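Hi there,

Here is the structure I promised to send over. Have a look at it first, and then read on for my notes.

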Amino acid sequence: MSVAKASVSDADRTTVSWGHYFLVLAQLGLLLLLMRQFQIESAAFLRLAMLAFGGFAVYALLPMRYRLAFFAGLSIVGTFLVLGYANAAWLIAIGLVLIGICHLPISFTLRGVVLLIVGVILSMQRAKLMPFPWSEAIWPILGSMFMFRLIVYFYDVRHDKVPGTPLQAIAYFFMLPNACFPLFPVVDYKAFRRAHFDDDAYRTYQVGIDWMVRGIVHLILYRVVYYYLVLAPTEVTGPSELMQYLVANFMLYLRVSGLFHLIVGMLYLYGFRLSETHNRYLLAASFTDFWRRINIYWKEFMQKIFYYPAVFKLKKLGTTWALVIATLYVFIMTWFLHAYQWFWLRGTMLFVAQDILFWAILGVLVVINSLYEIKHGRARAIAKGERTAKDLAIAVLKTYATFWFICFLWSFWTAENLPQWTSLWTALGGTWTLNVLVWPLIVMVVIFLGLLPKDTLRNTKLSGQADKEFSRSRAITIIGLVALIVVSVESIATKIGPQVASYVHSLRSGKLSRLDIAKLEQGYYQNLLSVDRFNSQLWEVYTKKPANWLDVEFANLKHFVGGFLNEELKPSFVSNTRYGAVTINRWGMRDQDYAKERSPESFRALLLGPSTVMGWGVSDDGTFEALVESRLNKEQAIAGIKRFEILNMAVPAYQPPQQIPAVEKGLGFSPDAIIFGATVRELTRSVNFLAEIARKGVEIPYPELRQIVQDAGVTKGMGETESEKALMQHKERILEVSYRHITALAAKQGATPIWIFIPQVRDGDWAEETPDALRIARAAGFITIDMSDVFKGRKPEELKLAEWDNHPNALGHQLLADRLYTELMAQRESVFRRANTN
Amino acid sequence: MMNSDELRKAIKGYILSEFLPGEKPENVTDDLPLISSGVLDSIATLKLVLFLEEKCGIVLEAHEADKENMDTIDMMVATAQSKQK
């Protein structure tokens, strides 16, 4: 079946009937509702979508000659809306300079040189080697608008017989959705211009809606993978977990394909009938096929700018050699341009062994595949012919093998380091059960179902599609759109079932996954900024963090002391932060000064914990410790005690085992009580700490912990993932030993051991270890105070310091203080007992 | 120098024999988008470029091997003839 002749009248190309116009608007209304229900991307994106859809309402009625100007204008407005006036102004100014250089009245070579010079200056500014007067916030968007499209634009200005207009240039670079998306498809300039209203307008708008819905479905599926299926490398302990890890890790790519569908769908609303960005990439039957199906715009960009010029230059070597060398060249450039993209988006260079190896390996595989295709050809067809069961079986097997190999390569590419990746495969030595077949079977079924309908011709004219077929496709989209909206309504989802409602609710927001939250926490506790290279969601949170955030302001807070304790707060240190003074007293406590000797009429407690307990992000008198102490002294509610002293010995990034030497130090202050401030993931954090200590060969002064390390087989120099995995099996024992040491020290002193649990300010998976930690604390002899629900009923935004910093703010500390005071009073008989002290 | 009909026939014959063996000739129309529809990939496009260069005695540049110049048989004929002038 050949493509039907598509003769579209000018009227059909540019205008729609009133019926179609309102039908499209109604669907856009539903789409906005869907975006809102599922909190697609950010609030800024929702505002941009409202602008885009509202703009469409006007755009579609405009005479054709005004439309491009309107689109360009709306794109500029969108940029201002998302970035703010100053940032948008700078971005546009820089952009206009870059575009202008491409049209200077000098030779193309000289223009290229000027562009290069300006590029070097901008890159030095990006790398903070030179100052710049604009906000850092514009770099990712400036990068995404110009880093690749400027190359394409310059190439087309050089070669295109039909010159573009300034309006086309502005529309191309600042195109409406780009202000929200640092990751943006490399839209071709020629295609962008040629595709503008080149087909039936109504059908173009409808396909745009179709693609936006498809994009949202991808993004929702991404959340399923991101929240529920992705495993940390330390959790891959057996072959079935390995299968899940491989599949889920690759399927995180759904975010990219989802975003690209959303973006290009939005461009369709403005008449830009661009080609598809992806073509069923899960169904690739070879490496060349995979390269052709995934991120098609990238493939075409590389083909246009690098591949064809290389092949044409090398033609004299013979076709085969030209193709081989050009293909390898493309993959070298792909690697380089990914690092280049990384630089513009994140401000640092990306030179990682896995990155280089991944592209090298993929490049070699594509070359081998291409040589095979040159020799043997590949199956092509225009009409959907007959396919035998044998053909289908072969296609399924080839696709299946390709899929798993890509997952394998992808896991290599996305691993944080080589030792982490190699440690994954030790899981094959784990227990083999029938569960190991789950993911292979799911993949087989998906591929089989996906291959049932034969591939059709891509990117065909919409006007050439039969009415019935077009209407059926659109009906499926609308049904899907409405179904998603319906299921997102809580009262309806609850009627289906409470678990369904809970599941749908979890997919309705773009929160960070439990693994990313753990990484975010790790960022505070260990002052690390090594965010997973490929984790765009966590990175997007981090990019909002100002360069001079608290971790910089607190940079000199601690000093290295070595040994098991590793670091302490620097005594007599004062810092004035944006949240008030942080004062470290002469004893190295974030607290007021105290005499070493406790006076007889005082009740003294040591308070241990990590950054939240120390009072990260609040002033000296705003910490929950200071508030409780102040209230105890004011209300004088305990007979016989005139003065209450709570010595805040908490240190950011301290983990439970580290509190043992901290208590040993604190005993010199003759405490009557030892309050252990436990936070989330006590077990995992204990494991991670002990693994790090063991890997570094630091002496462990506690025989039981030494024994655990020995039993786990962790040795000096072992990889991070391997050591954590090995110790994870002993996590309860590690925490038990740590807690028992502390209660034993307390007993020796005659002090009351009290364990308080401080939750995160938001709901989430952080609570998964709390019941075990609580049980272990009680078994160790602590009086326990579980404040897990202290923040219930409050919005996280009210209580946390910032989007990138989940520490409780002043209000959070006030709530903690009020609750702790109440709990201490409720157990006053045991908490404030005076035992025989030394 | 071939006229446009001869060239059209030659190109179509080459495409059918080289890339679409077994395909019905009537399915390969002169305005069928071959590259943008995915029927012809980059390797096939390059082979077509070599064929055209040899057949028409022209030299094509890298930027001319794109959809705008090579997507349909009509476009290929127009490109070849413009290079011959």
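A word on terms before the helices: an angle between axes under 35 degrees counts as roughly parallel, over 145 as roughly antiparallel, 65 to 115 as roughly perpendicular, and anything else as oblique. Please also keep in mind that this is a predicted model.

The pair I would like to show you is H18(A), residues 389–414, and H20(A), residues 438–451. Their axes come within 10 Å and cross at roughly 130°, so the two helices are oblique to each other. The crossing of H18(A) past H20(A) is right-handed.

Which residues meet there? H18(A) brings Leu392(A), Ala395(A), Val396(A), Thr399(A), Tyr400(A) and Phe403(A), while H20(A) brings Val443(A), Met444(A), Ile447(A), Phe448(A) and Leu451(A). By type, the residues of this contact are ten nonpolar, one polar and no charged.

Now for the chain as a whole. Chain A contains 37 helices and eleven strands, and its C-alpha atoms fill a box of roughly 100 × 60 × 55 Å along the principal axes. Its radius of gyration is 31 Å; a compact globule of 838 residues would have one near 28 Å, so the two agree. Of the 838 residues in chain A, 42% are buried. As for contacts between residues at least 6 apart in sequence, 76% of them join residues at least 24 apart.

I hope you enjoy browsing the model, and do write back with any thoughts.

Best wishes

Definitions and conventions
Residues numbered from 1 in each chain as written. Chains lettered and ligands numbered in written order. Predicted model: local features only at pLDDT ≥ 70, side-chain atom pairs only at ≥ 80, totals over all residues. Helix = DSSP H or I, 4+ residues; strand = E, 2+ residues; numbered from the N terminus. Rg over C-alpha atoms; globule rule 2.2 N^0.38 Å. Buried ≥ 20, exposed ≤ 12 C-beta atoms within 10 Å, placed from the backbone. Contact = placed C-beta atoms within 7 Å. Axes fitted to C-alpha atoms, helices over the stretch in contact; angles between N-to-C directions. Left-handed = near helix turned anticlockwise from the far one by under 90°. Nonpolar A, V, L, I, M, F, W, Y, C, P; charged D, E, K, R; others polar.
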